[in-house]
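User: I would like to go through this protein and its ligand by question and answer. Please give the reasoning before each result.

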Amino acid sequence: MSAGPPRVAVVGGGITGLAAAYYLEQQARAAGREVEIHLLEEAPVLGGKVQTEQAGELTIEAGPDSYLARKVAATRLAQAVGLGDALVESTPGRLKTYVYHRGRLHPLPEGMVLVAPTRIGPFLASPLISPLGKLRMALDLVLPPRQEEGDESIGAFLRRRLGDEAVEVLAGPLLSGIYAGNPDELSLLATFPMFRDLERRHGSLVRGLLRQARGARPPAAGQTRPPAGPAAPGEARPPGAPGRRDTPGSRSAFVSLRGGLGRLVRAVAGALQVTRVRTGTAVRRLERGPGGLGHPGRYRLTLGDGTTLQADAVILAVPAYAAAPLVEPISPGAAAALAAIPYVSTAVVALAYRRSQVPPLEGSGFVVSHRERRSVTACTWVSSKWPHLVAGDWALLRCFVGRAGDEELALAPEPEILAAVRRDLAEMMDLRAEPALTRVYRWPRAMPQYRVGHLERLARIEAALAAEPGIILAGAAYRGVGVPDCISQGEQAARQAAAFLGL
Ligand SMILES: Cc1cc2nc3c(=O)[nH]c(=O)nc-3n(C[C@H](O)[C@H](O)[C@H](O)COP(=O)(O)OP(=O)(O)OC[C@H]3O[C@@H](n4cnc5c(N)ncnc54)[C@H](O)[C@@H]3O)c2cc1C
């Protein structure tokens, strides 16, 4: 290849781009080869959606606050960059998750495995689902599995198996929290393929989840847990719907970091040895450079300041709508498919109170039934669920605003978002006190939507870029939005780049 070491441009300094640069360095080192890596980030800071703010005694997560423990890529990376001791599990003990429905907060019935009750008594006693709704859910045990192949929406699947009420009150709020998405639009095969598998293998979703749960470990009284089994590509933590509660000594489903997830960003950036990191540097244009395949400088990147950079391979770790115009001159077909991946805007509102000002927060938070008309879609009681983020006498809440079909407020001016959230908290939690601190983090076009047919769209993008193996796509838009999914995709992108460059 080139006379000097091969050069790779990593575009985007979110967790995907950082992981890609980190693992590419590791691979080159292991192979005893040199590589030149340029990490180019448009924003003035690294981390993308992973941002942590320190405000006195409060550590406030602007984006993600934790990740699914069983997806090991994030823990592995944290350990590799020296943060093994800083990993922290969600509070052990009886933390209830609530669902706001029919004007009040109801605890999720004990023993729920996402949508399936593993303990019949508490489920029947819970007023959350009406008697008719419960009967309809029971039909799942006898309804035949769908025979047709092909994708369907997760909403259609769950409505078919469990009925409308279970979707709107339970599954919808819990599941769509992950994508801020509409379950009736999200792809079953791209989000929870294991549900289709359970339906086929056990003839019933509830029976399948029950058998899986029993095979894993019986849930203690009061537990809820996310579905086990094959990794759902898009599985992240539903905001404020903190999956499973733990008995003392049991392992938690979710993991975070003392000091916040922003530490991971700083530690990975700090561990980069040869990568030249440039923040405040957007890539405006990408085109074929003077070199052909196998020659130096196959690609030319034009940066925000008008300068250019030649590279032998390019890892695009940016949102799909940012990747689309970059690949357009090279592959208009891939660009069109990338541009068609929809995004939803959300906002996170953090509010801190003195503990005495708020009702006791005995739980990890609540999600909001899709039958309620509310601005807040979910709320995490941070000081209960993640006490390591809060010192002193504070109660910290994080509320989420905006989801598919209801994004207007998430894009509104900050005072408007804050006022709407405070109105909701007053009515939903009887929380009327003046917060001592507030933060509004707006995330325009933050959550990629894996709509029905997402996997086919990915196949089209891959086919369109097959002739261009030096251009590699990675990140939340493709095969999982969770932090560990993004890290895995960054690592995979590094492997692809190394293979392409013969490292
Ligand atoms: C509010 C919120 C809460 C979340 N909660 C959780 C959670 O609890 N658990 C979990 O696992 N996941 C969660 N997620 C999802 C997860 O945080 C994201 O999917 C993940 O961080 C995305 O990482 P990324 O590197 O792929 O993309 P990004 O973080 O979007 O990074 C892409 C980077 O590319 C840069 N960029 C764009 N265009 C250009 C260009 N032309 N040139 C140079 N740079 C460019 C951007 O500035 C950005 O920094 C949450 C997401 C949000 C928004």
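The turns below treat a predicted model, moving from the whole chain to single residues.

User: How many helices and strands does the protein chain have, and what share of its residues is buried?

Analyst: The secondary structure comes to 16 helices and 23 strands. The chain has 503 residues. Of these, the share that counts as buried is 55%.

User: Among contacts between residues at least 6 apart in sequence, what share joins residues at least 24 apart?

Analyst: One pair of this kind is Thr346 and Trp443, which are in contact and lie 97 residues apart along the chain. Across the protein chain, the share of such contacts that join residues at least 24 apart is 73%.

User: Which residues have the most contacts inside the largest nonpolar core, and what does Ala497 touch?

Analyst: The largest nonpolar core has 158 residues. Those with the most contacts inside it are Ala20, Leu24, Ile315, Leu316, Val349 and Ala497. Leaving out residues up to four places away in sequence, Ala497 touches Val8, Leu24, Ala313, Ile315 and Ile472.

User: Which residues are closest to the ligand, and which elements give two or more residues to the shell around it?

Analyst: The ligand is surrounded by 39 residues, the closest being Gly12, Gly14, Gly48, Pro64 and Gly475. The elements that give two or more residues to this shell are helix H1 (15-30), strand E18 (343-354), strand E22 (437-448) and helix H16 (483-501).

User: What is the make-up of the shell around the ligand by class, and from which domains does the shell draw at least three residues each?

Analyst: By class, the shell has 23 nonpolar, 11 polar and 5 charged residues. The domains from which it draws at least three residues each are domain 1 (7-48 + 262-341 + 450-501) and domain 3 (343-447).

User: Is Thr346 buried or exposed, and what is it in contact with?

Analyst: Thr346 sits in strand E18. It has 26 C-beta neighbours inside 10 Å, so it counts as buried. Its C-alpha atom is 5.2 Å from that of Trp443. Beyond its neighbours within four places in sequence, Thr346 is in contact with Ala180, Phe400, Val401, Gly402, Ala410, Trp443, Ala446 and Met447.

User: Ala180 and Arg102 are residues other than glycine with positive phi. Where does each lie, and is each buried or partly exposed?

Analyst: Phi is near 50° for Ala180 and near 50° for Arg102. Ala180 is in the loop between helix H6 (164-179) and helix H7 (188-191), while Arg102 lies in the loop between strand E7 (97-101) and strand E8 (104-107). Because Ala180 has 28 C-beta neighbours inside 10 Å, it counts as buried. Arg102 has 13 such neighbours inside 10 Å and therefore counts as partly exposed.

User: Why do the buried residues of H8 line one face of the helix?

Analyst: In helix H8 (residues 193-202), the buried residues are Met194, Phe195, Leu198 and Glu199. Seen down the axis of H8, they line one face because they fall within an arc of 145°.

User: What phi does Gly203 take just after H8?

Analyst: The residue in question is Gly203, placed just after H8. Its phi is positive, with a value of about 75°.

User: Where is Glu456, and how far is its C-alpha atom from that of Ala190?

Analyst: Glu456 belongs to helix H15 (residues 454-464). It counts as partly exposed because it has 15 C-beta neighbours inside 10 Å. Glu456 and Ala190 are 266 residues apart along the chain, and their C-alpha atoms are separated by 9.7 Å.

Technical notes: Residues numbered from 1 in each chain as written. Predicted model: local features only at pLDDT ≥ 70, side-chain atom pairs only at ≥ 80, totals over all residues. Buried ≥ 20, exposed ≤ 12 C-beta atoms within 10 Å, placed from the backbone. Helix = DSSP H or I, 4+ residues; strand = E, 2+ residues; numbered from the N terminus. Arc of directions from axis to C-beta. Core = buried A, V, L, I, M, F, W, Y, C linked by C-beta atoms within 7 Å. Contact = placed C-beta atoms within 7 Å. Near = placed C-beta within 6 Å. Nonpolar A, V, L, I, M, F, W, Y, C, P; charged D, E, K, R; others polar. Domains from an automatic or database assignment.
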